[in-house]
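Work through the exercises below with the structure in view. Try each task before you read its solution.

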Amino acid sequence: MLPEDLRSEGGVVRWLRLDRVEKKNAFDAGLAGALMEALEAAAADDAVRVVVLGANGDVFSGGADVSLFLAIAQGQAEEAAKVRAVPDALRAFPKPLLAAVQGPAVGMGVTMLPHFDAVYAAEEASFTLPFVRLGLVQEFGSSATLPRLIGRQRAAELLYRATPLDAETAAEWGLVTRVFPRAELRDAVSRIALEIAVAPLGALREAKALLRGAEGQS
């Protein structure tokens, strides 16, 4: 049974939704564990062809929960370790994995996106990397994944300025695949996911493995 901060629904296209709305869908150990558990279940279920990660509320994800920093300070490193494992779980998922970003994405909410096969965003979505302003550096291998996706200079601007990038610019840069009006986002992504899902599962898996292999990823 998944905890209440992650919702799962669907058949051949399985929608997973971040649902810590009161915490701006920030990742703590519980949400991270639930997402990895849901991905593992979807990977093992041959009835599932495509997985879409979305979110409830106005914010896609506020990034890592501030409680993690307190846990680290108190010597509870295992809490942070669960969150740090999320990008590996996304990268290792063997089937098409899509993101539907309906609102602001901050920190980890952005650095996780290069690990998806496609990212669809609402017009109201924005993308912010606040690390430098907080006296921190980027996470989750984004020093490699972001420049590969959008170019080193654009990645540098996104990091150094630490200001929100609008959805249209994110699409122009290559961080986002397509942009839709928010009211149309779910239907549009569901339609695309269903178009993908009609392909043979073996071919989908192999096509993804070849793409990942070309990037030097397993």
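**Exercise 1: a helix and its packing**

Task: Find the buried residues of α9 and what they pack against.

Solution. Leu 185, Ala 188, Val 189, Ser 190, Ile 192, Ala 193 and Ala 197 are buried in α9 (buried: under 20% relative accessible area, 1.4 Å probe, protein chains only). Next, look for their partners. These buried residues pack against β2, β3 (50-55), β4 (97-101), β6 (118-122) and β9 (178-180). Contact means heavy atoms within 4.5 Å. Helices (H or I, at least four residues) and strands (E, at least two) are DSSP runs, numbered from the N terminus.

The model is predicted: local features need pLDDT of at least 70, side-chain atom pairs count only at pLDDT 80 or more, and totals for chains, interfaces and linings use all residues. Residues are numbered from 1 along each chain as its sequence is written, and side-chain values use heavy atoms, without hydrogens and water.

**Exercise 2: an arginine in a loop**

Task: Place Arg 20 and list its side-chain polar contacts.

Solution. Start with the loop between β2 (13-18) and α1 (29-44): Arg 20 lies there. Arg 20 counts as buried because its relative accessibility is 9%. Its side chain makes a polar contact with the side chain of Asp 65 (2.9 Å) and another with that of Asp 28 (3.5 Å). A polar contact is a pair of N or O atoms within 3.5 Å; within protein, one must be able to donate a hydrogen and the other to accept it, and residues adjacent in sequence count only if both atoms are side-chain atoms.

Notes:
Buried means under 20% relative accessible area, exposed over 50%, partly exposed in between (1.4 Å probe, protein chains only).
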